[in-house]
Amino acid sequence: MTDLNGDGRSESTNERADRNWNEILQELRVAQTGTQILGGFLLALAFQPRFQDLDRFQLTLYLVLVALAGIAAVLGLAPVTLHRTFFGKGRKPDIVRLGGRLLSADLVVLALLAAGVTALVFDFAVGRSAGLITLAIGGVVVVGVWAVLPRLAVRRGPTPDPRGPGDDE
């Protein structure tokens with residue numbers, strides 16, 4: 001088979017869709033683990049004796065974070081439901097496109113959730129200022145690692161793979 005997509009891979013449109021779908025599923029597994037850990041932590045928190053010590057701000061933040069954990073769970077499961085809905089109907093490229101968007105939305109929600117949970121813990125354990133500083137630092141780290149770093153890597157251009165052609169992703 002020839003390189004149909006101009007990227008050095010010899011795969012049909014359906015093969016590319018299958019490969020991309022498998023990659024999305026792998027990424028969803030990682031995101032799902034993060035959702036489960038953070039969501040489980042939040043649920044367990046409500047049953048701790050000191051939960052009653054949360055002030056109004058902390059309780060509001062906690063409830064927002066629980067809502068985000070629920071949204072992250074729904075977004076993480078949505079691509080699977082999408083696949084199930086359109087399974088066997090020849091819509092794999094559409095499923096991959098929408099599944100990728102849902103995964104991106106899930107990652108944004110998870111970033112908010114991770115930064116918020118960290119801020120809540122610092123706010124409760126150390127104080128409001130520490131919580132707000134932690135939230136700001138978390139935001140900077142997320143933007144830096146997820147937005148700035150990839151753009152810098154793209155700007156530098158591709159680095160030759162020492163394994164040779166054809167062994168990449």
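Colleague: Let's start with helix H1 and H3: is their crossing left-handed or right-handed?

Modeller: Bear in mind that this is a predicted model, where local features need pLDDT of at least 70, side-chain atom pairs count only at pLDDT 80 or more, and totals for chains, interfaces and linings use all residues. Residues are numbered from 1 along each chain as its sequence is written, while side-chain values use heavy atoms and leave out hydrogens and water. A crossing is left-handed if the near helix is turned anticlockwise from the far one by less than a right angle, and right-handed if clockwise. The way H1 passes H3 is left-handed.

Colleague: How are H1 and H3 oriented, roughly parallel or roughly antiparallel?

Modeller: The axes of H1 (residues 13–45) and H3 come within 9 Å and cross at roughly 25°. Axes are lines fitted to C-alpha atoms, for helices over the stretch in contact, and angles run from 0 to 180 degrees between N-to-C directions. Under 35 degrees counts as roughly parallel, over 145 as roughly antiparallel, 65 to 115 as roughly perpendicular, and the rest as oblique. H1 and H3 are therefore roughly parallel.

Colleague: How many nonpolar residues are in the contact of H1 with H3?

Modeller: Ala, Val, Leu, Ile, Met, Phe, Trp, Tyr, Cys and Pro go in the nonpolar bin, Asp, Glu, Lys and Arg in the charged one, and the others, Gly among them, in the polar one. For H1 with H3, that sorting gives 6 polar and 4 charged residues. The nonpolar count is 20.

Colleague: Which residue of H1 can I pair with Ala114 by C-alpha distance? Or, put simply, which residue is separated from Ala114 by 8.6 Å?

Modeller: Ala114 is part of helix H3. Its partner sits 80 residues away along the chain, with 8.6 Å between the two C-alpha atoms. That partner is Gly34.

Colleague: What about H2 and H3, at what angle do they pack?

Modeller: Helix H2 (residues 56–86) has its axis 9 Å from that of H3. The two make a left-handed crossing, and their contact divides into 24 nonpolar, 5 polar and 3 charged residues. Their packing angle is about 160°.

Colleague: And H3 with H4, how far apart are their axes?

Modeller: H4 covers residues 128–156 and packs on H3 at about 155°, which makes the pair roughly antiparallel. Their crossing is right-handed. The axes are 7 Å apart.

Colleague: Which charged residue of H3 meets H4?

Modeller: Contact here means heavy atoms within 4.5 Å. On the H3 side, the residues that meet H4 include Leu107, Ala111, Phe122 and the one you want. Among the residues they meet in H4 are Arg128, Gly131 and Trp146. The charged one in H3 is Asp123.

Colleague: Is Asp123 buried or exposed?

Modeller: Asp123 lies in H3 (residues 92–125) and touches Phe57, Gln58, Arg128 and Gly131, leaving aside residues up to four places away in sequence. Buried means under 20% relative accessible area, exposed over 50%, and partly exposed in between (1.4 Å probe, protein chains only). With a relative accessibility of 4%, Asp123 is buried.

Colleague: Zooming out, what pattern does the protein follow along the sequence?

Modeller: Helices (H or I, at least four residues) and strands (E, at least two) are DSSP runs, numbered from the N terminus. This protein has 4 helices and 0 strands. Along the sequence, the pattern is α-α-α-α.
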